[in-house]
Amino acid sequence: MAKLLLIHGARLVDRDMDVKNASLLVKEDKIEGIVTESAAQKLIEDGEAELFDAHGRTVMPSFIDMHAHFRDPGFTQKEDIESGCRAACAGGFGTVLLMPNTSPVISSQEQAEENVRKGEGSGCVQVIQGVSITKDFDGKTLSHLESLDGNVVPFISEDGHEVTDSGRLFAAMRIAARKNLLVSCHCEDPFLAAEAKGLRVRALEFLAANNGRPSPAQQEQAAALLSEANLLLELAEDTATLRNIELARKAGCRLHLCHVSTGRCVEAVKRAKKEGMAISMEITPHHIGMAGSKIPAIFHIVNPPLRSESDRDALIKALLSGCADVIATDHAPHTAEDKRNGSPGFSGLESAFAVCYTVLVKERGMGLRALSERLSARPAELLRLEGRGLLREGYEASLAVVDTEKAWTVRGEDFASKGKYTPFEGMTLTGQVQATFWRGRKVWER
């Protein structure tokens, strides 16, 4: 007899529906459908199905993260596939896309498949591993792309880097167009970024003076350096975004822009979409959750940096309107020592839903169906993951159970991730993941 699971007394929400006081029936690893109350009661009375009482909480398709770093291989002191999958599971994610900036760089399908196997071994999350645009990030070699199977490696990315040579990037985009690979671009002019990094280092030296208690003059000097660095980083993102859009337009490939953070980039994507380009963009929870300050905490360094309040508002409006396709965490865990030394990036999987629910739904009025679309349905479409991202009959029974009324305080020390640093430390957010199901099995519960 096929294994049955009944999720009873739930609010069911996906891109296409919002149904209260409902029951969802799961058969093996697939959604069987919504059942009537009488049918649910009969299943309960007869003991024909395993029962999960949702107690009125919300059940959504599990989230799909199009941008995460699990640091495996090479930097497993920061994160590995096992710990990263646990963190994803605790955040309500059922699928994660991993960037190839590991050591060695993931530059072959064989390397990618090894991480996919490790993900399957976790038993709770599907890992999709990306491959670098240029071999070993050398900026020129593309021969490895010809052997990629798009069903195994659906995207390529030089994340954390930019392919400086426009000719090489254009050639890679042409290969991607022919093989139907998604090109995921970290848009940042490396020369402007290098100048900005030098300014950041000098600013951090001022902020670290006097055992971390800089004088007013030192704080002012640091603020001036950081302001100039952020200007350069804004130019770095804006100019690289425009270049990459034009290259993709001519190459005819599908272009995905990582962690868009400026209003100008949003406008560039909006224009490209109106012109019919196959272009999508992601926005991170931390870029909508907070703006940059004049003198940020040393640990608050991230690439791209936290922007102005006007940029933050533009990002939020892009998500509300649907111009921004997906929310992606850019989960980038570091050791405590790395963060003390100014390494850019945050752990974001376990706070993502709460940040998005608090900012987008509670504060800005986004519907929960629209949030589900950005977290689940649209990523599934972009990655061509059939049977994923909705609560439809026959779809994969990977689910997130969330309490939309629950207020909680973020504590990085409680994260399943090895990376404990979060810019939301100590903040009270609303909306908490309570349980996660993966392929019909409950794999995590608070």
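This passage describes the pockets, cavities, aromatic contacts and strand pairing of a predicted model. Residues are numbered from 1 along each chain as its sequence is written, and side-chain values use heavy atoms, without hydrogens or water. Local features need pLDDT of at least 70 and side-chain atom pairs count only at pLDDT 80 or more, whereas totals for chains, interfaces and linings use all residues.

Open space was analysed on a 1 Å grid over the protein atoms alone. A pocket is an open set of points with protein on both sides within 12 Å along at least five of seven lines. Lining residues have an atom within 4 Å of a point. Points are joined across faces, edges and corners, and a volume is the space filled by probe spheres set on them. The largest pocket has a volume of about 970 Å³. Its lining numbers 40 residues, and G160, E188, K197, N303 and P344 are the closest to its centre. Helix α5 (residues 190-207) supplies the largest share of this lining, eight residues. Helices (H or I, at least four residues) and strands (E, at least two) are DSSP runs, numbered from the N terminus. By class, the lining has 15 nonpolar, 15 polar and 10 charged residues. Here Ala, Val, Leu, Ile, Met, Phe, Trp, Tyr, Cys and Pro count as nonpolar, Asp, Glu, Lys and Arg as charged, and the others, Gly among them, as polar.

The second largest pocket holds about 310 Å³. It is lined by 16 residues, with G150, N151, P154, L383 and L385 nearest its centre. Two or more lining residues come from each of α3 (109-122) and β8 (126-129). Strand β8 gives the most, three residues. This lining has seven nonpolar, four polar and five charged residues.

Enclosed space was also found. A cavity is a set of points where a 1.4 Å probe fits but cannot get out. Four cavities of 30 Å³ or more are present. The largest has a volume of about 70 Å³. Of its 14 lining residues, P61, S62, R388, G389 and S398 lie nearest the centre. Strands β6 (63-68) and β7 (93-98) each give two or more residues to this lining. The second largest cavity has about 60 Å³ of space. Its lining includes P285, H286, F346 and F424. No charged residue lines this second cavity; four residues are nonpolar and five polar.

Strands β6 and β7 also pair with each other, in the parallel sense, over four bridges. Two strands pair if DSSP finds at least two bridges between them. D65 stands opposite V96 in β7. The chain passes from β6 through helix α2 (residues 81-90) to β7 in a right-handed β-α-β crossover (clockwise from the first strand over the helix to the second, with the strands pointing away from the viewer). Strand β7 runs parallel to β8, joined by four bridges. T95 has Q126 of β8 as its bridge partner. Six of the six residues of β7 are buried (under 20% relative accessible area, 1.4 Å probe, protein chains only), so this strand is largely enclosed by the rest of the structure.

Five aromatic pairs occur (ring centres of Phe, Tyr or the six-membered ring of Trp within 6.5 Å). F63 and F353 are stacked (planes under 30 degrees apart), at 5.6 Å centre to centre and 5° between the planes. F63 lies in β6 and F353 in helix α12 (residues 352-363), so the pair ties together parts 290 residues apart in sequence. F63 is buried at 0% relative accessible area, and F353 is buried at 2%. One aromatic cluster comprises F63, F93, F353 and Y357.

Terms used. Phe/Tyr/Trp six-rings, centres within 6.5 Å; stacked < 30°, edge-to-face > 60°. Buried < 20%, exposed > 50% of the residue type's maximum accessible area, 1.4 Å probe, protein only.
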